[in-house]
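Colleague: I'd like to know what stands behind the labels in this model. Can we go through them one by one?

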Amino acid sequence: MESQELYDLTGLQSEIGVMKNRELELYVHIPFCAKKCDYCDFLSGPAGKEQQQDYVEALCREIDSCGDFSEYEVSSIFIGGGTPSLLDGNLIFKIMDRVRKKFAVADTAEISIEANPGTVDEGKLGFYRQAGINRISFGCQSADDTELKKLGRIHTWEKFLESFHMARKAGFDNINMDLMSGLPGQTLRSWEDTLGKAIALGTEHISAYSLIIEEGTPFASQQLELPDEETERLMYERTHEILETAGYHQYEISNYAKTGRECRHNIGYWKRTEYLGLGIGSASLVNETRFSNTQDMTVYLADSHKPEAIRENIEILDKNAQIEEYMILGLRMMSGISRKDFQERFQMEIDKIYGKIIEKYVAGGFMKWSGEYLCFTRKGISVSNPILAEFLLGK
Ligand code: SF4
């Protein structure tokens with residue numbers, strides 16, 4: 001394939017003035033953190049002010065030269081990390097300004113930024129508002145300071161409260177709290193306490209994840225006192241009971257929201273909306289092609305203006321790969337996947353491929369048809385991972 005063909009992933013049909021009939025989500029990666037947490041394997045680490053500025057310059061060059069997206073309207077932007085709130089507010093403003101110059105961002109776009117407690121202040125929050133950012137996702141993790149300390153987090157619950165209230169005062173009415181269960185030393189009671197405190201704050205959205213010990217992290221080489229399997233199961237069940245009772249509905253395996261506050265960016269990802277990742281290590285899905293940016297900072301800083309030099313792992317998805325992704329991502333959502341939508345997208349009946357698997361799990365009470373929607377039951381959600389693996393077509 002000629003390089004021009006390979007990197008002009010959007011095709012060349014678009015011209016100025018053409019209706020923006022395709023939806024695009026943007027992910028912007030900021031790879032800096034004040035300090036590495038002991039469980040984290042994300043592409044992130046500490047950096048000085050000068051490095052941060054150099055990175056933002058490189059990011060802006062990438063935005064300017066990432067290809068022709070004039071056919072698209074951007075429906076959501078997620079500035080993630082790392083800790084984007086570590087950057088000076090004017091740098092975030094600069095990035096958003098560059099994004100708006102390059103892309104047609106919908107007036108109604110959901111624009112989120114990840115922030116860590118203790119790294120925001122009034123000045124930064126003011127820049128975010130000016131830049132049109134309308135959602136903050138706080139990496140809170142726990143309301144218990146001992147648990148936070150064991151995780152290697154830089155903040156306390158008190159610090160989180162300060163940041164949360166500051167964000168409210170700055171006008172943010174759409175806030176997510178990331179919370180983690182299955183932590184070293186955590187009990188069912190302390191997890192319930194964390195959930196209760198989050199509810200009392202009235203946060204609009206809660207992402208409730210379980211800790212996963214990743215290879216190569218400090219946690220992987222430590223003897224940790226983790227909750228046993230039964231406690232973990234109870235934590236998952238109680239999360240659902242407590243949050244649903246408090247008015248948060250579960251719309252994905254790990255995500256709960258008040259009505260209308262579901263994260264549109266994540267829903268787009270699970271529905272396979274096209275998305276472009278900007279910044280080091282970020283992943284993209286454009287024109288049924290997956291690719292990711294280099295994880296090498298030296299290469300990124302030097303070549304971010306040349307997509308062909310920084311994009312790697314380019315994979316054009318064939319129909320089977322698209323179908324697998326559609327099922328595995330779509331079934332993560334409680335609403336499930338639609339028989340009709342499947343038929344329209346892939347020009348075939350879902351039963352033709354998955355009839356037997358679906359029948360087996362429906363009969364076992366793990367999945368159900370709700371009208372034309374196929375989704376997990378409560379019993380199925382807790383064992384969803386091995387079930388989802390059966391939707392891989394290579395099996
Ligand atoms: S703040 Fe988040 S991205 Fe940074 S080290 Fe901790 S878990 Fe990883």
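**What the labels rest on**

Modeller: Sure, and keep in mind that this is a predicted model. Let's start with Gln141, which sits in strand β4 (residues 135-141).

Colleague: Why is Gln141 called buried?

Modeller: Its relative accessibility is 7%, and buried means under 20%, so Gln141 counts as buried.

Colleague: Which residues does Gln141 touch, leaving aside its neighbours within four places in sequence?

Modeller: Gln141 is in contact with Tyr39, Leu148, Leu151, Arg153, Asp178, Leu179, Met180 and Thr194. Two of those names come back around the ligand: Tyr39 and Arg153 are among the residues that surround it.

Colleague: Which others surround the ligand?

Modeller: Cys33, Lys35, Lys36, Cys37, Cys40, Phe42, Ser44, Gly82, Thr83 and Asn116. By type, the shell splits into five nonpolar, four polar and three charged residues.

Colleague: What makes Gly82 in that shell count as polar?

Modeller: That's a matter of the sorting: Gly is placed among the polar residues. Gly82 has another feature too, since a cis peptide bond joins Gly81 and Gly82, with omega about 15°. Gly82 is found in the loop between β2 (72-81) and α3 (89-102).

Colleague: On to Glu192. Why is Glu192 called partly exposed?

Modeller: Its relative accessible area is 25%. Buried would need a value under 20% and exposed one over 50%, so Glu192 falls in between. Glu192 belongs to helix α7 (residues 188-201). Beyond its neighbours within four places in sequence, Glu192 contacts Arg238 and Ile242. Also, the C-alpha atoms of Glu192 and Thr239 are 7.6 Å apart, with their positions 47 residues apart along the chain.

Colleague: And how do you know that Ser304 is buried?

Modeller: The relative accessible area of Ser304 is 1%, and the limit for buried is under 20%, so the label holds. Ser304 is in the loop between α10 (297-303) and α11 (307-310). Not counting residues up to four places away in sequence, Ser304 touches Ala58, Arg61, Glu62, Ser65, Val299 and Ile310.

Colleague: What makes strand β11 largely enclosed?

Modeller: β11 covers residues 289-293, and five of the five are buried, so the rest of the structure largely encloses the strand. Thr289, Phe291 and Asn293 point one way, while Arg290 and Ser292 point the other way, and all are buried.

Colleague: How do you know that β10 and β11 are paired?

Modeller: Pairing takes at least two bridges, and four join β10 (residues 283-286) to β11, so the two strands pair. They run antiparallel, and Ala283 has Ser292 in β11 as its bridge partner. In their hairpin, which has two residues between the strands, Asn287 takes a positive phi near 55°. β11 is also joined to strand β12 (residues 311-316) by four bridges, again antiparallel, and Asn293 stands opposite Arg311 in β12.

Colleague: Why is Asn313 called exposed?

Modeller: At 58% relative accessibility, Asn313 is past the mark of over 50%, so exposed is the right word. Asn313 is in strand β12 and has a positive phi near 50°. Gln347 is likewise exposed, at 61%. Its phi is positive as well, near 55°, and its place is the loop between α13 and α14 (350-363).

Colleague: Why are β13 and β14 called edge strands?

Modeller: The open sheet has three strands in the order β13-β15-β14, with antiparallel pairing. β13 and β14 (367-370) each have a single partner strand, so one side of each is left without a neighbour in the sheet. Four bridges join β14 to β15 (residues 373-376), with Ser370 partnered by Tyr373 in β15.

Colleague: How much space lies in the second largest pocket?

Modeller: About 190 Å³. Of the 13 residues lining it, Lys271, Tyr326, Met333, Gly336 and Asp341 are the closest to its centre. α12 (319-330), β13 (337-338) and α13 (339-346) each supply at least two residues of that lining. By type, the lining divides into five nonpolar, four polar and four charged residues.

Key: Residues are numbered from 1 along each chain as its sequence is written. This is a predicted model: local features need pLDDT of at least 70, side-chain atom pairs count only at pLDDT 80 or more; totals for chains, interfaces and linings use all residues. Side-chain values use heavy atoms; hydrogens and water are left out. A residue is near a molecule or strand if one of its heavy atoms lies within 4 Å of it. Buried means under 20% relative accessible area, exposed over 50%, partly exposed in between (1.4 Å probe, protein chains only). On a 1 Å grid over the protein atoms alone, a cavity is a set of points where a 1.4 Å probe fits but cannot get out, and a pocket is an open set with protein on both sides within 12 Å along at least five of seven lines; lining residues have an atom within 4 Å of a point. Grid points are joined across faces, edges and corners, and a volume is the space filled by probe spheres set on the points. Contact means heavy atoms within 4.5 Å.
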